[in-house]
Amino acid sequence: LNNNIAVCVQENILRFRAQGHGAKGQNEYEFSLEFFLPVKPEVSYKSTQRQVNITVHKEQRGWWDRLIVQERKPAFLAPDFDRWLDESDAETEIREKERRRLKASRHKEEGFVSLKTGYLFVYNLVQFLGFSWIFVNMTVRLFIFGKDSLYDTFHTISDVMFFCQLLAAVEVLNAAFGFVKTGVFPTLIQVSGRNFIIFVVFGSLEEMHRQPVVFFVFYLWSAIEIVRYPYYMLGCFNTEWKTLTWLRYTMWIPLYPLGVLAEAVAVIQSIHIFDETKLFSIPLPKNIGTSISFSYILHIYLVLMFLGLFINVRHLYKQRKRRFRTKKRKAN
Ligand SMILES: CCCCCCCCCCCCC/C=C/C(=O)SCCNC(=O)CCNC(=O)[C@H](O)C(C)(C)COP(=O)(O)OP(=O)(O)OC[C@H]1O[C@@H](n2cnc3c(N)ncnc32)[C@H](O)[C@@H]1OP(=O)(O)O
């Protein structure tokens, strides 16, 4: 065969033309075939000294009763029985291919799901251990030292609380990347609100370290978390413990407002310290004034805090309704 080959599929018709040596000697040979069912327009071919192999793909997988539209096939057309599949063979092969493809994709998905579940489980476990340590430590100290324990909460607990709250930033990413089915905004409010309190209001002012309000803030935070994280841990195995679910979606009703109230008290207590120490104050040009106290930011924060409380209480109320509603439906 010469290289002068033209092959194409147009309107479901395969057209072939080539120069070569065949039954009529050196000549131009051509044929066209209209396929029985739709084929893809892309066609590929491979030419050797002896033959041209043309590959055309069916638009849809499946068995065809015949190759071309005409019932009588042209004389030059004969099946290659080495590669012939009868109807049941073809179906079996297609089904086998489909099964292998599904298995491979399920395998991939399962790998991802188990990795994600493992990661979430470890994350929740670490947070559970951290907050349990905080809660138990504070409770034991309260029993042993009574009222005195309220004054040194920051010194005994803050390192672990810093760690847990910094780590909690991961929860915003989990929500953002869709690892957990939850809104990014409520989580962002929760994490940034708490981190503002612990790192700015408590962390940067030594005068705040010995305030009893630290005890109330830390105790309220940890009380809710020692229920929330085990609830998530069980969720990783699609298991639930009814009492825990009830606690997770009920405890916030008194604890969230109380927690925000305790945080508000801490912010208000810190205002005069920021005013006196001028810490984080924003310097101004001399002709305008000396500086803007950080306490202005704190006033704005106090407003944002109640806005944040409103958004999160609404979010948790919705989650509670959703959770208890689906459970009832499942029980019916
Ligand atoms: C722009 C920034 C502004 C900054 C300034 C804002 C200032 C605002 C300040 C506001 C003050 C807030 C400070 C905080 C105060 C307190 O904490 S007070 C103490 C009491 N606190 C609480 O009661 C709140 C506890 N926290 C929460 O409940 C959450 O953090 C939440 C974000 C508020 C709500 O959680 P959410 O994840 O949306 O709800 P869930 O129903 O629990 O979860 C939904 C589904 O997702 C699964 N899931 C979630 N997380 C995980 C995980 N880590 N691992 C595995 N699975 C997870 C969960 O299982 C649910 O799935 P289903 O069970 O299938 O429904």
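Mentor: Let's start with a term: a crossing is left-handed if the near helix is turned anticlockwise from the far one by less than a right angle. In this predicted model, H1 passes H2 in just such a left-handed crossing.

Trainee: Why are H1 and H2 called roughly antiparallel to each other?

Mentor: Helix H2 spans residues 153–167, and H1 packs against H2 at an angle of about 165 degrees. Angles over 145 degrees count as roughly antiparallel, so H1 and H2 earn that name. Their axes lie 10 Å apart.

Trainee: And how do H6 and H8 pack, in angle and in distance between their axes?

Mentor: Their angle is about 150 degrees, and the axes are 9 Å apart. Set that angle against the cut-off of 145, and H6 and H8 are therefore roughly antiparallel as well. The crossing of H6 past H8 is left-handed.

Trainee: On to the strands. What makes E2 and E3 count as a pair?

Mentor: At least two bridges are needed for two strands to pair. Strand E2, residues 13–22, shares 10 bridges with E3 in the antiparallel sense, so the requirement is met. As an example, Ala18 stands opposite Tyr29 in E3.

Trainee: How many bridges link E1 and E2?

Mentor: There are six, again antiparallel, and Ala18 of E2 turns up here too, as the bridge partner of Ile5. A hairpin with two residues in between joins E1 and E2, and Glu11 in its turn has a positive phi of about 50 degrees.

Trainee: What order do the three strands take in the open sheet?

Mentor: The order is E1-E2-E3, with antiparallel pairing.

Trainee: Then which strands are edge strands, and what makes them so?

Mentor: Strand E1 (5–10) and strand E3 (25–34) are the edges, as each pairs on one side only. On average, neighbouring strands of this sheet are turned by 15 degrees against each other, direction ignored.

Trainee: How do you know that E4 and E5 pair?

Mentor: Count the bridges: strand E4 (residues 39–47) and strand E5 (residues 52–58) have six, in the antiparallel sense. The cut-off is at least two, so E4 and E5 pair. Ser47 faces Val52 of E5, and four residues make the hairpin link from E4 to E5.

Trainee: What holds the strands of a sheet together?

Mentor: In general, strands pair through backbone hydrogen bonds, either parallel or antiparallel.

Trainee: Now the ligand. Which residues come nearest to the ligand?

Mentor: Of the 35 residues around the ligand, the nearest are Thr182, Gly193, Trp252, Gly259 and Gly308. The elements giving two or more residues to this shell are helices H1 (87–145), H4 (184–202), H6 (213–236), H8 (252–277) and H9 (295–331).

Trainee: How does the shell divide by class?

Mentor: The shell has 18 nonpolar, 14 polar and three charged residues. Gly counts as polar and Trp as nonpolar, so among the nearest residues Gly193 is polar and Trp252 nonpolar.

Trainee: Finally, which domains does the chain have, and how far apart are their centres?

Mentor: The domain assignment gives domain 1 (5–84) and domain 2 (103–322). Their C-alpha centres lie 70 Å apart.

Conventions:
Residues are numbered from 1 along each chain as its sequence is written. This is a predicted model: local features need pLDDT of at least 70, side-chain atom pairs count only at pLDDT 80 or more; totals for chains, interfaces and linings use all residues. Axes are lines fitted to C-alpha atoms, for helices over the stretch in contact, and angles run from 0 to 180 degrees between N-to-C directions. Domain bounds come from an automatic or database domain assignment. A residue is near a molecule or strand if its C-beta atom, placed from the backbone, lies within 6 Å of it. Angles under 35 degrees count as roughly parallel, over 145 as roughly antiparallel, 65 to 115 as roughly perpendicular and the rest as oblique.
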